[in-house]
Amino acid sequence: MQLILASASPRRKELLGLFGLPFVVRAADIDETMDPENAPYDEVARVSRRKALAVQRTEDDVVIAADTIVVCEGKILGKPHDAAEAKAMLALLSGRDHQVMTGCTVLRGETGKTVTEVTDLHFRPLSEKEIDRYVASGEPMDKAGAYGIQGGAALFCQRMVGDYYNVMGLPVCRLGQMLREVAPEVMEETL
């Protein structure tokens with residue numbers, strides 16, 4: 001049995017490392033396009049399950065997959081394609097409430113569990129100069145919503161309700177519970 005992380009995200013790799021368990025990384029190569037007709041909550045869960053199913057595995061392997069989006073004013077904010085899109089996303093988030101949703105799947109064989117973890121945040125109003133400086137740092141370019149809470153965007157967040165690690169891309173507490181349900185022997189070696 002192997003524990004497989006179906007993601008190339010360095011943040012997810014770091015967060016899974018908190019469990020102190022050996023794992024391998026096998027990034028899933030799927031189309032992550034979301035259907036705008038469906039609720040973001042459901043779509044992010046669907047994409048995480050597709051990622052889990054897409055990686056090479058045996059029946060005994062345990063696969064962890066996740067997908068993270070930011071939702072503001074009903075609009076899904078994925079990773080920005082360029083600096084202009086990153087600036088537009090941050091301008092939308094400025095002074096507003098938004099949600100970070102991570103679909104998380106733990107799969108073993110054909111059985112598993114998929115959940116969507118939601119964290120509510122509020123950004124203080126941001127000046128155009130702040131947005132420009134942050135985008136120029138390059139940090140927003142590979143992150144949903146064009147920000148990394150563990151980096152410079154920590155200066156923007158006035159309020160957060162929910163799992164901080166969910167905002168980084170992997171709901172660690174919920175993942176531990178899911179592993180205990182789907183593959184309890186995996187968790188015997190951790191807290």
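Colleague: What is the volume of the largest pocket?

Modeller: About 810 Å³, where a volume is the space filled by probe spheres set on grid points joined across faces, edges and corners. Bear in mind that this is a predicted model, where local features need pLDDT of at least 70 and side-chain atom pairs pLDDT 80 or more, while totals for chains, interfaces and linings use all residues. Residues are numbered from 1 along each chain as its sequence is written, and side-chain values use heavy atoms, with hydrogens and water left out.

Colleague: What makes a set of points a pocket and not a cavity?

Modeller: Openness: on a 1 Å grid over the protein atoms alone, a cavity holds points where a 1.4 Å probe fits but cannot get out, whereas a pocket is an open set with protein on both sides within 12 Å along at least five of seven lines. Lining residues have an atom within 4 Å of a point. Here 38 residues line the largest pocket, with Glu32, Thr68, Gly78, Lys79 and Ala144 the closest to its centre.

Colleague: How does that lining split by class?

Modeller: Into 19 nonpolar, nine polar and ten charged residues. Nonpolar covers Ala, Val, Leu, Ile, Met, Phe, Trp, Tyr, Cys and Pro; charged covers Asp, Glu, Lys and Arg; the others, Gly among them, are polar.

Colleague: Why is Thr116 called buried?

Modeller: Because its relative accessible area is 7%, and buried means under 20%, against over 50% for exposed and in between for partly exposed (1.4 Å probe, protein chains only). Thr116 lies in strand E6, residues 111-123, a strand being a DSSP run of E with at least two residues, and a helix one of H or I with at least four, numbered from the N terminus.

Colleague: What is Thr116 in contact with, leaving aside neighbours within four places in sequence?

Modeller: Tyr41, Val44, Ala45, Met101, Thr102 and Gly103, contact meaning heavy atoms within 4.5 Å. Its side chain also reaches the backbone oxygen of Tyr41 at 2.9 Å.

Colleague: And Gln56, buried or exposed?

Modeller: Exposed, because its relative accessibility is 67%. Gln56 sits in the loop between helix H2 (40-54) and E3, and touches Ile4 and Arg26, not counting residues up to four places away in sequence.

Colleague: How do you know whether the radius of gyration agrees with a compact globule?

Modeller: The rule is 2.2 Å times the number of residues to the power 0.38, with the radius taken over C-alpha atoms. For 191 residues that lands near 16 Å; the protein has 17 Å, so the two agree.

Conventions. A polar contact is a pair of N or O atoms within 3.5 Å; within protein, one must be able to donate a hydrogen and the other to accept it, and residues adjacent in sequence count only if both atoms are side-chain atoms.
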